[in-house]
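Colleague: Could you walk me through one helix of this model up close, and then through what surrounds it? Cut-offs as you go, please.

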Amino acid sequence: MKSLILTTLYLAKDTVHRWFSRISSPLARVLVVFFLSLSALGALGSYAISAKLVKNKIIRQGGDLVSATMTHNPEIPSAFPNEKEISDLLNADSYALSIIGFARTEARKMLSVYTYDFCRSGQLQSLLAPGNTPTVLASTEGDIPAGPTTLNISGASVDAQVRLLPPDHPIMRIMGDAGAIVAPDSIPLPLARNTATLSTIMRARELNSSADITRIEQYLRTFMRLEGRNGGVLSASRLLAEMDDALSKQMQCRAAFCLGISGIVGILLTALAGMEYRQNEYIYTLMKSFGIRPLMLVGAFIVENLIIVGASFAAALAVFMHFQEPIVTQLLRLGNYSLTLQEILPEIQLICYTLLGCILVSSLPIIAAANRDIGRVLK
């Protein structure tokens with residue numbers, strides 16, 4: 001144990017001595033790894049930001065939504081699952097409204113009239129007027145002002161309240177510009193006998209791939225098939241699948257880019273490690289003759305490269321994270337966006353794996369040299 005500690009200390013001292021006596025060797029490795037890693041982070045970071053921009057645009061345009069319209073089947077009087085059941089099963093937020101007819105506003109604008117199941121009254125309570133008063137939900141970008149109004153339903157006048165919602169609210173995806181909602185226990189008589197058509201919309205809470213949307217879409221199609229309902233399902237699953245395909249091809253390009261950088265780093269590390277070992281081969285061979293295992297000599301070079309490469313990459317990562325805003329906005333011209341460590345973690349891991357492969361490959365000449373016959377070196 002004592003000899004192992006002394007040998008380790010000697011190898012560490014010898015490494016530090018080589019660094020100071022030939023400072024160009026560690027400095028060359030540091031600079032090459034630093035600038036190549038910084039370049040890789042800049043290039044791969046631009047890919048990550050591009051994917052983030054596309055994803056945000058898809059979400060803003062409703063790419064995380066799945067809408068379905070289905071007819072009522074009188075032979076199977078079953079209710080649509082409530083929001084908690086959908087949340088637990090699909091990790092999605094959901095709204096479900098049944099269209100029961102049409103109404104006309106004071107400005108003679110036609111609106112669809114909706115109702116809902118009692119099991120979903122909790123999620124709509126904050127949106128509806130008090131006292132079971134019919135509520136007109138309208139977009140803030142529409143032409144219907146907030147406040148009291150009167151609806152004309154099949155010739156009958158009904159008092160209602162108008163409330164405004166942002167245009168990207170899920171319910172606005174069902175209603176369009178506006179729609180009226182009445183409680184199930186206060187449906188106006190002219191609409192009481194109408195057959196309801198269910199409109200539902202679901203929003204995936206996490207949109208990482210097209211599978212998150214396809215799962216919801218398949219659930220709705222299966223529900224309609226098992227319940228014997230007719231209707232259709234709309235989603236951006238095909239567009240998201242094309243995006244996933246583009247990102248997978250992009251990943252291949254990123255991997256090829258990292259392999260090119262690792263090739264440069266690997267050649268440099270291999271050349272310098274082989275040169276330094278040959279310069280000290282006589283001393284290392286003497287140490288082998290005294291019982292030092294070749295594994296320790298190889299391990300010393302691997303640890304040395306791990307320290308140099310790891311410190312250089314950490315410095316490149318720190319510089320990129322600190323200066324990424326001017327790099328992204330001025331150099332890459334991708335807009336005012338930035339990445340967190342979590343968002344760029346796959347790129348960091350990819351670069352780390354390639355650099356680790358470089359270190360292991362660069363140790364192959366050292367392994368061959370360290371296992372040479374002692375007599376051939378000391379003769």
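Modeller: Here is a close look at helix α3, followed by the aromatic pairs, the cores and the cysteines.

A word on ground rules: this is a predicted model, where local features need pLDDT of at least 70 and side-chain atom pairs count only at pLDDT 80 or more, while totals for chains, interfaces and linings use all residues. Residues are numbered from 1 along each chain as its sequence is written, and side-chain values use heavy atoms, with hydrogens and water left out.

Helices and strands are DSSP runs numbered from the N terminus (H or I, at least four residues, for a helix; E, at least two, for a strand). Helix α3 covers residues 83-90, and in it Ile 86, Ser 87 and Leu 90 are buried. Buried means under 20% relative accessible area, exposed over 50%, and partly exposed in between, using a 1.4 Å probe and protein chains only. Viewed down the axis of α3, the buried residues fall within an arc of 100°, so they line one face of the helix; that arc is taken from the directions from the helix axis to the C-beta atoms. Lys 84, Asp 88 and Leu 89 are exposed on the other side of α3.

What does the buried face pack against? The buried residues of α3 pack against β2 (92-104), β8 (197-204) and α6 (210-227), with contact meaning heavy atoms within 4.5 Å. As for the ends, Asn 82 caps the N-terminal one, with a side-chain oxygen 3.2 Å from the backbone nitrogen of Lys 84. Just after α3, Asn 91 has a positive phi of about 55°.

Now the rings. Searching the whole structure turns up two aromatic pairs. Rings of Phe, Tyr and Trp (its six-membered ring) pair if their centres lie within 6.5 Å; planes under 30 degrees apart are stacked, over 60 edge-to-face, and the rest tilted. Phe 34 and Phe 35 make an edge-to-face pair, 5.1 Å centre to centre with 80° between the planes. Phe 34 is buried at 16% relative accessible area, whereas Phe 35 is partly exposed at 47%. Phe 80 and Phe 223 also pair edge-to-face, at 5.1 Å and 85°. That pair links distant parts of the chain: Phe 80 sits in the loop between β1 (65-71) and α3, and Phe 223 in helix α6, 143 residues apart. Both Phe 80 and Phe 223 are buried.

On to the cores. A nonpolar core is a set of buried Ala, Val, Leu, Ile, Met, Phe, Trp, Tyr and Cys residues joined through side-chain atoms within 4.5 Å. The largest has 26 residues, of which Leu 41, Val 265 and Ile 351 touch the most other members. Elements giving two or more residues to this core are α2 (24-60), α7 (237-279), α9 (294-331) and α10 (345-362), and α2 brings the largest share, nine residues. A second, separate core of 21 residues includes Met 70, Phe 80, Ala 92 and Met 224.

Gly 45 is in helix α2 too, buried at a relative accessible area of 2%. Its C-alpha atom is 9.3 Å from that of Phe 320, although the two residues are 275 apart along the chain.

Finally, the cysteines: the whole structure has zero disulfides, taking a disulfide as a pair of cysteine sulfur atoms within 2.5 Å. Cys 352 is partly exposed at 32%, and Cys 358 is buried at 4%.

Key. A polar contact is a pair of N or O atoms within 3.5 Å; within protein, one must be able to donate a hydrogen and the other to accept it, and residues adjacent in sequence count only if both atoms are side-chain atoms.
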